[in-house]
Structure formats: structure tokens, C-alpha cells
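Let's walk through this chain together, from the overall layout down to a few individual side chains. Have the viewer open as you read.

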Amino acid sequence: MADPGDRRDDTVTGVHAGTGPSRGYDAFDLKVFVAGALLIGVAIGAVAAGGLSILDETPADPEIESVEILEAGCYDDVNPYSMSSSSGVWVGVINETSTQTEVSAQIRRPSPDDATVATYRVDVATHNTSVEDDECPGRIIYRVEYDTPYPDAADALRTERYVDGDLRGCGSSTSGPETGCGVFYEDQPTHYSNGTVTDEPL
């Protein structure tokens, strides 16, 4: 039989039975819990706000990555590459120009940031085009690489390509909306030869 004068602590999994000093620890634990919950709430709010701000950011600017002359020379000596454009690469031909012709390129996005159809315009400009000092009319093959970011708000993308202000092509991708490239092709003049109708290529 235990001595009534003996002191005894009843302890179950670290929780003190009874009262006394344990109330201070309980109050402290509650404060820590509340403070931790508040910190977690603030952190979650910051992450959410950060996520929303990222989604609402202005789309990245387009850029010209490179411009180069692939081949240049007299008209009859330069193999006429087929004009093409895909995945941000545009290869084109400039005929009856100086063999010393140079090119530069610029790109811009004229459509608003939240437009359903994001529109880009690539402008190639020619320089030193006079053939007066050349022995022959020249042909230039050029290549332009460009980047057209797809804005989050857009469901379609259109890229118009111009040389010295003249339309040379229009490419697009879409998940449904009409991109408008068809209008450019409809406006191209039609040539008649031996009863055959052919559209002038851009």
C-alpha cells in the first residue's frame, strides 16, 4: 500500500494530468499553433497572389534572333530557293537587285496583350539595292529567324511578313478563331495565261 505522503505524477503520452504549471505550457502551445496557422495562411496567400500576378503579366516581347544573306550574286548564277516560313524561320528571295544588297529585319506585335488573335508583323528592309555599278542584275537569298511568343489570352496567332512594305506572306496557327490570313491571299491579283487562272504567290 502506498504511503499517503508520497507524491505521484500521473502521465499519459506526455500530457500532464491535473492542473498547476501545465496551464502555462498549454497556453503557450495554443499561441504557437495560432501563430503558425497565421504564417501558413500568409504564405499561401502570397503564393496565390504571386501566381495571379504571373498569369496577369504582359506577354514576352517578340524578337529577331538572326538575319543573314544565304547567297548573293548575278541573277542567273544564284539558285532560286523556294520561299518558306515555319517555326520562326523565313527564307525569301529578292530578285533584280544589286549583288551587294543587304537586309535588316524588325518585328512587332500590333495586337493588344489580351487579343484573341495575337498578331505579329515581321518587316525586312533592303539596303544598297542600286544595280548601276554592278555588271549584272542580282538575286539575293535571305534568312530571318524570329520568336513570336504565344500570349496566354490568345487562341490563335498570325504572323505577317513584309519586304520593303510589300506583303510577302502570312502564317498562322489557331485552335478555332479565324486568323485573318485568308483575306490577304484573297486580295492578291490573279494572272491569266492561255485560259488558266493562277494566283500570284505572296
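How many helices and strands does the secondary structure of the chain come to? There are 2 helices and 12 strands. Keep in mind that what you're looking at is a predicted model.

## Overall layout

Going along the sequence, the elements come in the pattern β-β-α-β-β-β-β-β-β-β-β-α-β-β. The chain has 202 residues, and 28% of them are buried. Take the contacts with a separation of 6 or more: 64% of these are between residues 24 or more positions apart.

## How far to trust it

The mean pLDDT of the chain is 75, with 61% of the residues at 70 or more. Two stretches call for some care. Over residues 4-23 the pLDDT stays under 50, and the model gives this stretch 4 contacts beyond four places in sequence. Residues 190-202 also have a pLDDT below 50, and here the model has 18 contacts beyond near neighbours in sequence.

## Strand β8 and its partners

Strand β8 covers residues 138-147, and it is mostly covered, with 7 of its 10 residues buried. Strand β3 (residues 63-74) runs antiparallel to β8 and is joined to it by 10 bridges. If you want a spot to look at, find I64, whose bridge partner in β8 is Y146.

Strand β5 (residues 89-97) is antiparallel to β8 too, this time with 8 bridges. Here V93 is a good place to start: its bridge partner in β8 is I141.

## The nonpolar core

Which residues make up the largest nonpolar core? It has 12 of them: W90, I94, V103, A105, I107, V122, V124, I140, Y142, V144, Y146 and V163. Strands β5, β6 (102-108), β7 (117-127) and β8 each put in at least two residues. The biggest giver is β8, with 4 residues.

One core member worth clicking on is I140. Not counting neighbours within four places in sequence, I140 touches I69, E71, A72, G92, V93, I94, T97, S98, T99 and T101.

## Rings and charges

The aromatic pair count comes to 1. That pair is W90 with Y142, set edge-to-face at 5.5 Å centre to centre and with 80 degrees between the planes. It counts as edge-to-face because the angle is over 60 degrees. The two rings come from distant parts of the chain, W90 from β5 and Y142 from β8, 52 residues apart. Both W90 and Y142 are buried.

Two arginines also sit over rings. The charged end of R161 is over the ring of W90, 5.8 Å from its centre. Over at Y75, R139 lies across the face of the ring, 3.8 Å from the ring centre.

## A closer look at A72

Is A72 buried, exposed or partly exposed? This residue lies in strand β3, and it counts as partly exposed because its relative accessibility is 40%, which falls between the 20% and 50% cut-offs.

As for what surrounds it, A72 is in contact with V78, T99, R139 and I140, leaving aside neighbours within four places in sequence. Among these, T99 is 27 residues from A72 in sequence, yet the C-alpha atoms are 5.8 Å apart in space. The contact list of I140 includes both A72 and T99, and R139, another contact of A72, is the arginine that lies over the face of Y75.

Notes: Residues numbered from 1 in each chain as written. Heavy atoms only, no water. Phe/Tyr/Trp six-rings, centres within 6.5 Å; stacked < 30°, edge-to-face > 60°. Buried < 20%, exposed > 50% of the residue type's maximum accessible area, 1.4 Å probe, protein only. Lys NZ or Arg CZ within 6 Å of the ring centre and 35° of its normal. Core = buried A, V, L, I, M, F, W, Y, C linked by side-chain atoms within 4.5 Å. Contact = heavy atoms within 4.5 Å. pLDDT = per-residue confidence, 0-100. Pairing = 2+ DSSP bridges.
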